[in-house]
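Please look over the model below before reading on. The account that follows is meant to be read with the coordinates open beside it.

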Amino acid sequence: MENYKITTLNDFIILKQKDFTYAKGELSSLLHHIGTAAKMVNKKINKAGLVDIIGSAGEVNVHGENQQKLDVYADEVFIGSLLASGECCGVATEENENEISFSDTFASKGKYIVCIDPLDGSSNIDFNVSVGTIFSIYRRITQRGEKVRNEDFLQNGSKQVAAGYIIYGSSTMLVYSTGNGVNGFTLDPSIGEFCLSHPDIRTPENGSIYSVNEGNYVHFPEGIKKYIKYCQEIDKDSGRPYTSRYIGSLVSDFHRNLLKGGIFLYPENKTAPQGKLRLVYECNPIAFIASQAGGMASDGKRSLLEITPSSLHQRSPFYVGSKGMVKKVEEFLDFYNR
Ligand code: AHG
Ligand code: MN
Ligand code: MN
């Protein structure tokens with residue numbers, strides 16, 4: 001007999017709300033709105049190639065990068081949906097230089113702020129490669145009803161109330177955590193619902209995959225060059241050589257390693273002296289998920305979640321995944337003096 005017992009994202013959110021004694025459903029509503037925006041973006045991405053949605057929007061974003069039409073679309077959809085939730089008083093996104101303060105009467109009283117990369121890996125979109133959305137939720141520091149300020153968004157990653165990502169891949173998935181483990185939901189397109197498919201995700205302590213853009217090898221710090229060689233060495237007892245897998249879409253590279261065990265590395269290099277990935281809305285949410293699943297994230301020296309950001313679009317070297325592997329990278333960096 002077919003199994004009709006499904007748990008939708010919304011069922012799950014409500015179920016979990018009971019774990020927080022004083023919860024009033026504000027976070028639940030916010031997560032629900034993120035889920036709805038994800039479905040809208042997913043629909044558009046699925047049509048890429050059929051409608052006039054692929055390619056450049058003809059604008060350059062705050063980082064001097066070419067904005068894709070879908071970057072702009074996803075940015076608008078997520079901002080609109082967060083505003084509509086009434087629980088979010090402001091957002092910071094990859095596509096906007098400064099934080100956006102919602103002046104709407106309801107929204108300005110919202111308890112939460114959201115940092116989001118609405119579409120990550122968007123340069124892959126023209127070639128049917130998976131892309132993602134990465135988000136992170138914090139309690140505001142400023143008083144409810146006030147205009148949000150920079151400091152609301154520059155909290156260290158350990159203060160995240162919730163974080164997650166959406167993968168628009170061979171299937172679309174939403175993975176999130178509210179600090180109580182990690183759960184994954186797969187979108188069932190026939191009913192238009194995210195359904196619980198990966199309950200309580202735990203990442204292996206060690207894995208056999210390393211993910212890095214080896215095209216930058218000659219520019220890497222000595223410790224990373226040596227670590228890559230270590231990954232390639234034969235050592236049957238520890239399962240080496242490891243396998244190399246790199247898509248160039250953070251969410252997909254991370255998600256595979258989360259489930260199978262592995263490490264994702266984006267070191268600083270000569271052309272990107274602070275690395276490429278943005279601390280606030282790319283690294284921190286992914287780091288939160290990793291640590292909630294039993295893994296860890298580092299900038300090479302310290303836990304990524306302990307860094308206090310000094311600006312919204314600040315970059316950081318990023319090492320994330322299985323605990324044993326991230327610790328090993330830290331050892332190599334330390335030994336070879338970075
Ligand atoms: P963007 O935010 O501009 O879409 O960049 C994508 C990111 C991330 O998804 C990926 O891990 C990384 O860039 C890939 O960078 P390289 O092309 O330098 O490997
Ligand atoms: Mn990005
Ligand atoms: Mn982006």
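The paragraphs below take up a metal site and then the enclosed cavities.

This is a predicted model, and a reasonable place to begin is the manganese ion (ligand 2), whose coordinating residues are Glu94 (OE), Asp117 (OD), Asp120 (OD) and Glu282 (OE), at 2.0 to 2.5 Å. Along the chain these donors follow the spacing E-x22-D-x2-D-x161-E. The manganese ion (ligand 3) lies 3.5 Å from the manganese ion (ligand 2), and Glu94 coordinates both. Two of the donors of ligand 2 can also be described by their accessibility: Asp117 is buried, with a relative accessible area of 0%, and Asp120, with a relative accessible area of 7%, is buried because that value is under 20%.

Turning to enclosed space, the structure holds two cavities of 30 Å³ or more. The largest cavity contains about 80 Å³ of space, and its lining, which includes Phe12, Lys16, Tyr176 and Asn183, draws at least two residues from each of α1 (9-17) and β8 (172-177). By class, the lining of the largest cavity comprises three nonpolar, five polar and two charged residues.

The second largest cavity has a volume of about 50 Å³, and among the residues that line it are Leu9, His32, Lys39 and Phe194. At least two lining residues of this second cavity come from each of α1, α2 (26-46) and β10 (193-198), with α2 giving the most, namely four residues. The lining of the second largest cavity divides into two nonpolar, four polar and two charged residues.

Technical notes: Residues numbered from 1 in each chain as written. Chains lettered and ligands numbered in written order. Predicted model: local features only at pLDDT ≥ 70, side-chain atom pairs only at ≥ 80, totals over all residues. Heavy atoms only, no water. Donors = N, O, S within 2.8 Å, 3.2 Å for Na, K, Ca; no water. Buried < 20%, exposed > 50% of the residue type's maximum accessible area, 1.4 Å probe, protein only. 1 Å grid on protein atoms, 1.4 Å probe; cavity = no way out; pocket = protein on both sides within 12 Å on 5 of 7 lines; lining within 4 Å. Points joined across faces, edges and corners; volume = space filled by probe spheres on them. Nonpolar A, V, L, I, M, F, W, Y, C, P; charged D, E, K, R; others polar.
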